[in-house]
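Look over the fold shown here before reading the report. The text goes from the overall layout to the sheet, then to the helices, the ligand shell and one cysteine.

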Amino acid sequence: MKTEKSAQDSCMIIARIMLPEDANPAGIVHGGVIMKEIDNAAGVAAVRHTRKICVTASIDRLDFHKPAFIGNLLTVKAGINMTGKTSMEIGARVETEDLLTGVKTHLASAYLTFVALGKDHRPVGVPPLKLLTKEDIRRNREALARKKLRLSEKRKESECQLDTSKC
Ligand SMILES: CC(C)(COP(=O)(O)OP(=O)(O)OC[C@H]1O[C@@H](n2cnc3c(N)ncnc32)[C@H](O)[C@@H]1OP(=O)(O)O)[C@@H](O)C(=O)NCCC(=O)NCCS
């Protein structure tokens with residue numbers, strides 16, 4: 001039986017100043033740059049939780065509510081919301097800080113599923129998540145609902161591919 005770990009044990013925060021190479025000619029940061037930072041932060045949380053190689057299985061819909069600009073400090077906070085048998089849902093919150101004014105803006109949030117792999121690169125079991133706070137319990141409940149939805153969408157897609165009359 002693997003030892004339980006809390007979200008606090010693996011929580012990861014990445015912070016990086018946005019530079020000209022991160023942005024378009026108007027000085028607005030590329031969405032792909034932010035996506036990479038989200039994937040990096042979530043990946044570290046997944047590896048910290050499992051101490052295994054982890055791969056991104058999926059990223060849910062990602063909306064950018066506000067732009068980030070050159071010179072902003074981009075922060076991604078990633079934490080485990082839920083563990084399954086071999087997979088984990090990780091929530092990531094992206095904020096920017098205008099360093100001259102101190103104003104912080106919530107840019108985006110994303111939910112990623114990571115799967116832990118063994119030496120044979122097949123999925124392996126992950127430690128269960130220990131829920132310590134009310135927030136942990138809420139996040140876990142919402143993540144379980146999202147997992148159910150994800151699996152039913154995946155099933156529907158597979159059925160569609162086999163029989164186009166079903167979609
Ligand atoms: C992710 C991957 C390992 C899953 O392998 P698989 O053979 O489909 O594994 P399984 O069907 O046994 O599923 C394993 C777990 O992954 C979850 N899973 C698989 N595909 C998923 C998807 N698209 N979205 C969310 N979860 C997924 C399953 O629900 C299951 O979770 P559980 O064990 O906690 O119940 C495989 O699809 C893969 O290697 N994909 C490429 C990953 C990659 O290269 N990412 C980019 C670079 S990091």
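From the N terminus, the elements follow the order β-α-β-α-β-β-β-β-β-α. That comes to three helices and seven strands. The model is predicted. Along the principal axes, the C-alpha atoms fill a box of roughly 50 × 45 × 35 Å. Of the 167 residues, 28% are buried. Among contacts between residues at least 6 apart in sequence, 72% join residues at least 24 apart.

**The sheet**

Five strands make an open sheet in the order β2-β4-β5-β6-β3, with antiparallel pairing. The edges belong to β2 (12-17) and β3 (53-59). Each has a single partner strand, so one side of each is left without a neighbour in the sheet. From one strand to the next, the twist averages 30°.

Two hairpins lie within this order. One joins β4 and β5, with three residues between the strands. The other joins β5 and β6, with six residues between them. In the turn of the β5-β6 hairpin, G102 has a positive phi of about 80°. The table lists the bridge counts for both pairs.

| Strand pair | Sense | Bridges |
|---|---|---|
| β4 and β5 | antiparallel | 10 bridges |
| β5 and β6 | antiparallel | 11 bridges |

Individual bridges fix the register. M82 is partnered by E89 in β5. I90 is partnered by L112 in β6. V94 has A108 of β6 as its bridge partner.

**The helices**

Which strands does α2 lie across? Helix α2 (residues 31-50) lies across β2, β3, β4 (73-83), β5 and β6. Its direction is about 40° to β4.

Helix α3 (residues 134-162) lies across β3, β4, β5 and β6. It runs at about 80° to β4. The length of α3 can be checked. At 1.5 Å a residue, its 29 residues should span 42 Å. The end C-alpha atoms are 43 Å apart, which agrees. How many of the 29 residues of α3 are buried? The number is two, so α3 lies largely in the open.

**The ligand shell**

Which residues surround the ligand? They are V55, T56, A57, S58, G84, K85, T86, S87, T113, V115, P123 and R150. By class, the shell has four nonpolar, six polar and two charged residues. Strand β3 gives the largest share, four residues. Both β3 and β6 supply at least two residues each. Strand β3 thus has two roles in this account: it stands at an edge of the sheet, and it contributes the largest share of the shell.

**C11**

C11 is found in the loop between α1 (7-10) and β2. Is C11 buried, exposed or partly exposed? It has 17 other C-beta atoms within 10 Å, so it counts as partly exposed. Burial would need 20 or more such atoms.

What does C11 touch beyond its neighbours within four places in sequence? Its contacts there are A45 and G79. A45 falls within the range of α2, residues 31-50. G79 falls within β4, residues 73-83. The C-alpha atoms of C11 and H49 are separated by 8.7 Å, although the two residues are 38 residues apart along the chain.

Methods: Residues numbered from 1 in each chain as written. Predicted model: local features only at pLDDT ≥ 70, side-chain atom pairs only at ≥ 80, totals over all residues. Pairing = 2+ DSSP bridges. Axes fitted to C-alpha atoms, helices over the stretch in contact; angles between N-to-C directions. Contact = placed C-beta atoms within 7 Å. Expected span 1.5 Å × (residues − 1). Buried ≥ 20, exposed ≤ 12 C-beta atoms within 10 Å, placed from the backbone. Near = placed C-beta within 6 Å. Nonpolar A, V, L, I, M, F, W, Y, C, P; charged D, E, K, R; others polar.
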